[in-house]
Amino acid sequence: MRDQLKTWGASVLADEAQLAVTELATNVTKHVGRGVPATLLMESRGDGLRIEMHDTSHAMPTLKYAGCGDECGRGLHLLASVAAAWGTTMTATGKAVWCEFPLGQAGRQCLRTYRASTVLGAYRTLPGAPTGPDQSRRPAAEECATVLIADLLHWLAAHGADLDAVLDRAQTHYEAEAA
């Protein structure tokens with residue numbers, strides 16, 4: 001899960017998302033049964049992350065009061081405290097418990113990284129794009145980004161753009177947002 005969030009450029013959400021996934025998986029094991037099939041879905045959205053845990057039970061979870069000595073009853077409260085929103089929905093085969101995490105102001109840089117990752121992922125499939133044995137490695141990814149930037153400069157030049165001015169504006173945007 002952490003690797004996928006990193007790929008999406010949403011690492012800022014890793015701790016909260018990992019806690020939510022752990023809680024959702026524990027609830028399936030504890031309340032539905034060990035060995036029961038369950039599916040984890042993670043959806044990256046421009047403004048955040050949605051996590052869903054699907055299982056084969058139609059029993060809907062409910063918030064319960066947990067006393068000091070109780071071993072159970074805190075999971076959904078924990079989920080509600082780390083996620084911006086959560087809920088349940090019935091599916092054809094059971095239910096899904098979901099939660100959402102916004103990137104918000106602190107995650108704006110992650111949104112930019114996510115968009116760049118999406119573009120680079122699509123770019124790698126084009127003829128002539130850099131390839132390597134493992135595209136997730138930093139040198140291969142940096143080489144692909146470098147070739148993409150060079151291709152963009154060629155495109156801008158072909159359309160009469162002032163390359164130095166474009167690069168200066170891009171650097172200014174980057175520095176302003178990185179700060």
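Of the 179 residues in the protein chain, 28% are buried. Keep in mind as you browse that this is a predicted model. The chain holds 6 helices and 4 strands, and from start to end these elements come in the order α-α-β-β-α-β-β-α-α-α. If you look at contacts between residues at least 6 apart in sequence, 56% of them join residues at least 24 apart.

**Two helices side by side**

A good place to start is the pair α2 and α3. Helix α2 covers residues 14-32, while α3 covers 75-82. Their axes are 10 Å apart and meet at an angle of about 155°. The two helices are therefore roughly antiparallel, because an angle over 145 degrees counts as such. Their crossing is left-handed.

Which residues make the contact between α2 and α3? From α2 come Glu16, Leu19, Ala20, Glu23, Leu24 and Asn27. On the side of α3, the partners are Gly75, Leu76, Leu78, Leu79 and Val82. Sorted by class, this contact has 7 nonpolar, 2 polar and 2 charged residues.

**The loop leading to α3**

Now step back along the chain to the loop between β2 (48-55) and α3. Ser57 is found in this loop, and Gly73 has its place there too. The table sets out how much of each residue is accessible.

| Residue | Relative accessible area | Class |
|---|---|---|
| Ser57 | 15% | buried |
| Gly73 | 26% | partly exposed |

Is Ser57 buried or exposed? Ser57 is buried, because its relative accessible area of 15% falls under the 20% cut-off. Gly73, at 26%, is partly exposed, because that value lies between the 20% and 50% limits.

The side chain of Ser57 is worth a closer look. One of its polar atoms lies 3.0 Å from the backbone nitrogen of Ala59. Setting aside neighbours within four places in sequence, Ser57 is in contact with Val32, Gly94 and Lys95. Val32 sits at the end of the range of α2, which spans residues 14-32.

How far apart are Gly73 and Thr62 in space, C-alpha to C-alpha? The separation is 9.1 Å, and the two residues are 11 residues apart in sequence.

Terms used. Residues are numbered from 1 along each chain as its sequence is written. This is a predicted model: local features need pLDDT of at least 70, side-chain atom pairs count only at pLDDT 80 or more; totals for chains, interfaces and linings use all residues. Side-chain values use heavy atoms; hydrogens and water are left out. Buried means under 20% relative accessible area, exposed over 50%, partly exposed in between (1.4 Å probe, protein chains only). A polar contact is a pair of N or O atoms within 3.5 Å; within protein, one must be able to donate a hydrogen and the other to accept it, and residues adjacent in sequence count only if both atoms are side-chain atoms. Contact means heavy atoms within 4.5 Å. Axes are lines fitted to C-alpha atoms, for helices over the stretch in contact, and angles run from 0 to 180 degrees between N-to-C directions. Angles under 35 degrees count as roughly parallel, over 145 as roughly antiparallel, 65 to 115 as roughly perpendicular and the rest as oblique. A crossing is left-handed if the near helix is turned anticlockwise from the far one by less than a right angle, and right-handed if clockwise. Ala, Val, Leu, Ile, Met, Phe, Trp, Tyr, Cys and Pro count as nonpolar, Asp, Glu, Lys and Arg as charged, and the others, Gly among them, as polar.
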